[in-house]
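Below are some notes on the model, set out as numbered points. Please read them with the coordinates open.

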Amino acid sequence: MKFLAIIPARYASTRFPGKPLATLGGKPVIQHVWERVSSVMPDAVVATDDDRIFKAVEAFGGKAAMTSPTHRSGTDRCAEVAAKSDADVIINIQGDEPFIDPAQLTAVTQCFNDPATEIATLARPFDPAAGFEALFDPNLVKLVIDNNDFAMYFSRSVIPYVRGVEWQKWLETTQYYTHIGLYAYRRDVLSRLSALPQSQLETAESLEQLRWLQNGFRIKVAKSNSVSVGIDTPEDLAAAENFLKS
C-alpha cells in the first residue's frame, strides 16, 4: 500500500497570519512539521497557495506543491494534490503541529490494515488530572468510539452524558476521549469527500468530520497517548518555544 503525506499550509490565518513561517527554535514552524513527517513518510509534500511558503519549503530541502487559493479547507487542498498522485492512502497532517509524534503517523497508517477503513484519525484518552474545565472546553473536541474502533460522533460538548451520576463524578466513572486532528483517507474516498456540501451537523458544531459521518462514511480511530502543542496564535508559539526548550 502506497502512502502520501500532505501538509496543508496557508499564509492568511485569521488569528496568526504567516504562521507556517513563524520562527520556532531557529527554524520555520513548517520545517519542524516537515522534518518529523518525512522521518517516517518518505513521500511527503507541503500543499500551499502562497509563494512565500513554497519558496521557504524548497529552501530547507522540502517538497512543495502550489494549490488553488479558493479551497474551503485543508481537506480540499489535499484533494487537489492527491488527484495527481497514484498513492492508495493520503495522510493529512496539519501544518501547525511542529511536535507531531512520528508514532502517530504509523498508528494512523495501520488503520488501513482493516479493509473496511475509509478514513482514519486519532484519539487521546482524556487525563482526569486535567480536570473538568479542560473537559468542558468547547475547543477540545470529544468523540465516542464503537467496539470496532470506529467513530460514532464528535462534539464540542461533553460526550457521553452520564445519566444518574453527578457531573463532578463523571471522570471517575467514564473514560473520555479527545480528538487529535490528523486524518488519512483512501484516495478515492478523499475525492468524494471534497465534493460533499456542508452538512447540518457540521454547521452546528463547526466540525468538518461530521459532514463525512452524516453522509455515511466510516472513520476508524487509533488511540495515542502522545501530547503535542499545536500553534493557533502568537501566544501558542511562545508556549511551543518553551516546550521545545524543555
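Is Arg 77 buried or exposed? The points below begin with that residue and then move outward to the rest of the chain.

1. Arg 77. This is a predicted model, and in it Arg 77 has a relative accessible area of 4%. The cut-off for buried is under 20%, so Arg 77 counts as buried. The residue belongs to helix α3, which spans residues 74–82.

2. Surroundings of Arg 77. Apart from neighbours within four places in sequence, the contacts of Arg 77 are Pro 8, Ala 47, Thr 48, Asp 49, Thr 67, Ser 68 and His 71. Its C-alpha atom is separated by 9.0 Å from that of Ile 6, a residue 71 positions away along the chain.

3. Thr 67 as a partner. The side chains of Thr 67 and Arg 77 are joined by a polar contact of 2.8 Å. Thr 67 sits in the loop between β5 (64–66) and α3. With a relative accessibility of 8%, Thr 67 is also classed as buried. Beyond neighbours within four places in sequence, Thr 67 is in contact with Ala 47, Thr 48, Asp 49, Arg 77, Glu 80 and Val 81. Ala 47, Thr 48 and Asp 49 therefore appear in the contact lists of both Arg 77 and Thr 67, given the contact criterion of heavy atoms within 4.5 Å.

4. Asp 50. This residue is in the loop between β4 (44–48) and α2 (51–59). Its relative accessible area is 10%, so Asp 50 is buried. A polar contact of 2.8 Å links the side chain of Asp 50 to that of Arg 52. When neighbours within four places in sequence are left aside, Asp 50 is in contact with Tyr 11 and Met 66.

5. Helix α1. How many of the 10 residues of α1 are buried? The count is 7, so the helix is largely enclosed by the rest of the structure. The buried residues are Val 29, Ile 30, Gln 31, His 32, Val 33, Trp 34 and Val 37.

6. Helix α4. In this helix, residues 102–110, the buried positions are Gln 104, Leu 105, Ala 107, Val 108 and Thr 109. Which elements cover them? The cover includes α1 (29–38) along with the strands β1 (3–9), β6 (89–92), β7 (119–125), β10 (177–186) and β11 (219–223). At the start of α4, a side-chain oxygen of Asp 101 comes within 3.0 Å of the backbone nitrogen of Ala 103.

7. Backbone geometry to check. The peptide bond between Ile 159 and Pro 160 is cis, with omega near 0°. Pro 160 is located in the loop between β9 (151–155) and α6 (170–173). Two residues that are not glycine have a positive phi: Asp 149, at about 65°, and Ser 206, at about 55°.

8. Where the positive-phi residues sit. Asp 149 is in the loop between β8 (142–145) and β9. Its relative accessibility is 30%, so Asp 149 counts as partly exposed. Ser 206 is in the loop between α8 (200–205) and α9 (209–214). With a relative accessible area of 54%, Ser 206 counts as exposed.

9. Overall dimensions. The protein contains 10 helices and 11 strands. For 246 residues, a compact globule would have a radius of gyration near 18 Å, and the protein agrees because its own value is 18 Å. Taken along the principal axes, the box filled by its C-alpha atoms is roughly 60 × 40 × 30 Å.

10. Burial and contacts. Of the 246 residues, 49% are buried. Among contacts between residues at least 6 apart in sequence, 68% join residues at least 24 apart.

11. Surface and charge. The exposed area of the protein is about 11900 Å², of which carbon and sulfur atoms supply 50%. There are 25 positive and 30 negative side chains. The centres of the two charge sets lie 2 Å apart.

Key: Residues numbered from 1 in each chain as written. Predicted model: local features only at pLDDT ≥ 70, side-chain atom pairs only at ≥ 80, totals over all residues. Heavy atoms only, no water. Helix = DSSP H or I, 4+ residues; strand = E, 2+ residues; numbered from the N terminus. Rg over C-alpha atoms; globule rule 2.2 N^0.38 Å. Buried < 20%, exposed > 50% of the residue type's maximum accessible area, 1.4 Å probe, protein only. Areas by Shrake-Rupley, 256 points an atom, 1.4 Å probe, with all protein chains shown as cover. Lys, Arg positive; Asp, Glu negative; His and termini not counted. Charge placed at Lys NZ, Arg CZ, Asp CG, Glu CD. Polar contact = N/O pair within 3.5 Å; in protein donor to acceptor, adjacent residues only side chain to side chain.
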